Structure formats: structure tokens, C-alpha cells
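Me: Please take a close look at one helix of this model and at the open spaces beside it. A single connected account would suit me best.

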Amino acid sequence: MTTKLLSLNGRAARSTAGVCLGFAVIVGAIWMVQATRSGTAMAFVQVPSDKPRMTAEQISARFPKEKHEEFMRRAIANSRMAGLEYKTGGAFGAVIVDREGRVIADGVNHVVAQNDPTWHAEMHAIRQACALLKSPKLDGCILYTSSEPCPMCLATVYWAGLDGLFYGARVADSKRYGNFDDLFIYGEFAKLVKDRTIPEHELLRPEAVEVWKEYFSRSDKVDY
């Protein structure tokens, strides 16, 4: 009796495993088809250094001056919402506009409200825009931000491949009136690793590089 139960349980387990495996294969196939259609897999995505450079003049000429100011005032209104009205974080706001001049995302600082140090207005707008366009790249778009971006947000502008950005207040202004010391972080990046305020240590590099070597050799990797 015990042997028969074990046999039945074994067959049931194998059957369940087979169903799960089959389901995983189907889900994987569906993901691959959708990803391929959306261009997020099996496709070459440019790294920031490969992106053709646009000049400041080209970005400025995309819209009339009054239109640029309209978008910036919307970003400034978002900063007022964050810092003064809802008090979700510092007085930072942003807007992302596509090539045709349509606002596709607003960004409001939520660092305090969400206890999230990455929830800057620019990051919020970039996430919203990428979700809307279903792409990690924002080619053809411009970011308007109420204040000069911090190093994290500026780096994300590069990774997202935005065409350019406009900012209102300067880093020195947010330091003077809000004690947001982005200049300190910019300065840290300019230092040698050994001289930075937060200690950094290299550890298990050969093991970490092995993963990169395997990634490099894969023909089905997502290049982003």
C-alpha cells in the first residue's frame, strides 16, 4: 500500500512538474515574442556614448522660445506642488516633452513622502515616460526640470538617451535655499576612489567578471 502511494505521489509530482515546466516555456515564449516586437530584447540598444550628439542650438530651435518657457513653467509648478503645497519632498519638478511638443510625463519630488532617495522629480518623469512609451530609451524627448539635476538624475538622462534638457535654478541655488548639496556629490565623482568620503572596496572581481564573460558570449542578451 505504501509503495503504491509513493508511486502515485511520484507520478503526481512528475505531472505537476511537467505542467509547471510547460507553463514556464509558454510564458517564456510569449515574453520573447512581446519583447522582440517591442524592441527590448534580441536587439542592439545604443549606450550613451554611441548616441549621435545634438547641439544646444538644435534643441533650442525645436520649439519657439515661448513654448520652451511654457514647459519650464509647468516644471516649476510641479516643484511648487512638491515643496510647498503637498510637501512630498524638496521643491523639484520636471516635465518630459516628445518631439512633437506633447507633454508625456510630469515629475514631482516624492523623496520624503515615499522614503525613497531616488524619487527625484526627474527620475519620476523619466520612469513615467518610459512606462508610457514602453521603452527604456527616450530618443526625441526633452527634459525640463525646475532645478539643475543632481548627478543621479543627470546620469539617468544619459542612460535614457534624452535629446537634451533645460533647467531653471542652478545647483548653487538649491544649495543656498534648500541645503541640497549636489555640488558635494559632483565633487566626490571627480576624486580618485581612494579619496572619496564613503569607502569603496573591490571584492571578488574574478568571480564577478565571469558572469560578464558569459553575458558577453550570449547571442540572446538584452543590450541595455
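Reply: **One helix and its pockets**

Thr156 is part of helix α6, where helices are DSSP runs of H or I with at least four residues and strands are runs of E with at least two, numbered from the N terminus. The model is predicted, so local features need pLDDT of at least 70 and side-chain atom pairs count only at pLDDT 80 or more, while totals for chains, interfaces and linings use all residues. Residues are numbered from 1 along each chain as its sequence is written, and side-chain values use heavy atoms, without hydrogens and water.

Thr156 counts as buried because its relative accessibility is 19% (buried is under 20%, exposed over 50%, partly exposed in between, with a 1.4 Å probe and protein chains only). Leaving aside residues up to four places away in sequence, Thr156 is in contact with Met123 and Ile126 (heavy atoms within 4.5 Å).

The helix also borders open space. The largest pocket holds about 430 Å³. A pocket here is an open set of points on a 1 Å grid over the protein atoms alone, with protein on both sides within 12 Å along at least five of seven lines; lining residues have an atom within 4 Å of a point. The volume is the space filled by probe spheres (1.4 Å probe) set on the points, which are joined across faces, edges and corners. Seventeen residues line this largest pocket, and Met54, Tyr158, Leu162, Asp163 and Gly164 are the closest to its centre. At least two lining residues come from each of α2 (56–61), α6 (151–160) and β4 (164–169). The lining has ten nonpolar, four polar and three charged residues (nonpolar: Ala, Val, Leu, Ile, Met, Phe, Trp, Tyr, Cys and Pro; charged: Asp, Glu, Lys and Arg; polar: the others, Gly among them).

The second largest pocket has a volume of about 310 Å³. Its lining counts 17 residues, with Pro117, His120, Cys150, Phe180 and Asp182 nearest the centre. Two or more of the lining residues come from each of α4 (111–114), α6 and α8 (182–190); α6 contributes the most, three residues. Eleven nonpolar, three polar and three charged residues make up this lining.

Strand β4, named above for the largest pocket, belongs to an open sheet of four strands with mixed pairing, ordered β2-β1-β3-β4 (strands pair if DSSP finds at least two bridges between them). β2 (103–108) and β4 are the edge strands, each pairing on one side only. β3 (residues 142–147) runs parallel to β4 and is joined to it by five bridges. Gly164 in β4 stands opposite Ile142, and Gly164 is also among the residues closest to the centre of the largest pocket.
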